[in-house]
Amino acid sequence: MTTIDTSIASPGLSYAIYPSLSGKRAFVTGGATGIGAAMVRAYADQGVHVGFIDIAETEGRQLCRSITDAGGAAWFRKVDVTDIAAMQAAIADFAKAEGPIDVLVNNVANDSRHEMQDVTPDVWNQSFDVNLRPAFFAIQAVAEQMIARKQGSIINFGSISWKAKVDSMPAYTTAKAAVHGLTRSFVKPLGAAGVRINTLLPGWVMTERQITLHLDAEGEQFLRANQPLAGRITPEDTAAMALFLSADDSALCTGQEFTVDGGWT
Ligand SMILES: NC(=O)c1ccc[n+]([C@@H]2O[C@H](COP(=O)([O-])OP(=O)(O)OC[C@H]3O[C@@H](n4cnc5c(N)ncnc54)[C@H](O)[C@@H]3O)[C@@H](O)[C@H]2O)c1
């Protein structure tokens with residue numbers, strides 16, 4: 001059997017610059033760490049004014065400062081997305097400070113593992129309160145302006161986990177499956193105004209959290225057995241897809257699934 005080196009993190013890749021993104025405004029939920037942080041950096045590198053919220057205040061402030069110190073435009077507020085009013089206020093305040101939002105990225109999630117027998121109604125609701133509900137209310141907060149301006153791109157983060165029949169987090173995978181319904185529910189009302197909405201499905205992306213919690217010897221073997229494309233998917237690989245879906249280059253793409261999973265599904 002061929003041995004695959006899964007320690008390679010997208011070696012030697014160079015990514016596109018999108019002229020259509022320069023000067024735009026993007027808002028990312030859960031942007032302080034992981035894939036969200038990679039997207040925040042990627043947008044800033046494209047000249048986008050990027051706003052983001054997260055409960056991880058230290059990481060969020062550090063990321064925001066590192067971008068502004070380098071001459072980029074970033075805006076951060078500590079918000080728990082289970083507080084819908086606080087999340088919508090942050091979206092409104094960012095738009096007031098920086099201008100109307102062109103790109104919304106519903107990225108926030110919590111994939112904590114849970115056994116079926118341990119899921120109480122409260123645990124179920126807590127999962128949906130982070131993994132599904134904020135996406136709807138963030139869309140609600142930006143839709144009117146996007147429709148009025150006849151432009152905008154919304155990216156909802158799904159996951160391949162439910163397609164891959166992962167069985168260690170049923171509330172999370174159910175919420176992630178529902179993200180597809182959420183996306184498709186808005187395709188027509190937004191599309192009439194030229195506003196786009198798509199679902200981005202990551203495979204197993206090697207964030208610090210994933211590496212720390214799940215990439216042990218068994219995890220490495222699981223990766224080799226299931227991901228045909230050699231190497232590890234990085235947060236930057238996923239951010240590259242988000243940039244494409246934000247830019248004019250994807251102008252006629254809406255209501256679709258875009259998967260970055262190295263061929264897993
Ligand atoms: N990493 C993967 O392998 C993977 C695979 C499939 C799908 N995804 C999806 O990609 C997206 C990003 O994944 P990730 O691995 O970077 O996630 P993560 O768990 O590492 O990061 C999510 C971010 O959300 C923040 N957050 C969590 N709860 C919050 C709350 N209540 N209020 C505000 N912020 C909160 C966290 O602090 C963190 O910064 C998620 O939608 C996830 O479901 C990731």
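A polar contact is a pair of N or O atoms within 3.5 Å, where, within protein, one atom must be able to donate a hydrogen and the other to accept it, and residues adjacent in sequence count only if both atoms are side-chain atoms. This is a predicted model, in which local features need pLDDT of at least 70, side-chain atom pairs count only at pLDDT 80 or more, and totals for chains, interfaces and linings use all residues. Residues are numbered from 1 along each chain as its sequence is written, and side-chain values use heavy atoms, with hydrogens and water left out.

The predictor's confidence in each residue, pLDDT, runs from 0 to 100; its mean for the protein is 95, and 96% of the residues reach 70 or more, although over residues 1–9 it stays under 50.

One polar contact can be followed at Ser 246, whose side chain reaches the backbone oxygen of Ala 242 at 2.6 Å. Ser 246 is buried, with a relative accessible area of 7%, where buried means under 20%, exposed over 50% and partly exposed in between (1.4 Å probe, protein chains only).

Turning to the ligand, 26 residues surround it (each has a heavy atom within 4 Å of it), and the closest are Thr 33, Asp 54, Asn 107, Tyr 172 and Val 205. Oxygen atoms of the ligand also take part in polar contacts: a backbone N or O atom of Ile 35 lies 2.8 Å from one, a polar side-chain atom of Lys 176 lies 2.8 Å from one, and a polar backbone atom of Gly 203 is 3.3 Å from one.

Terms used:
Contact means heavy atoms within 4.5 Å.
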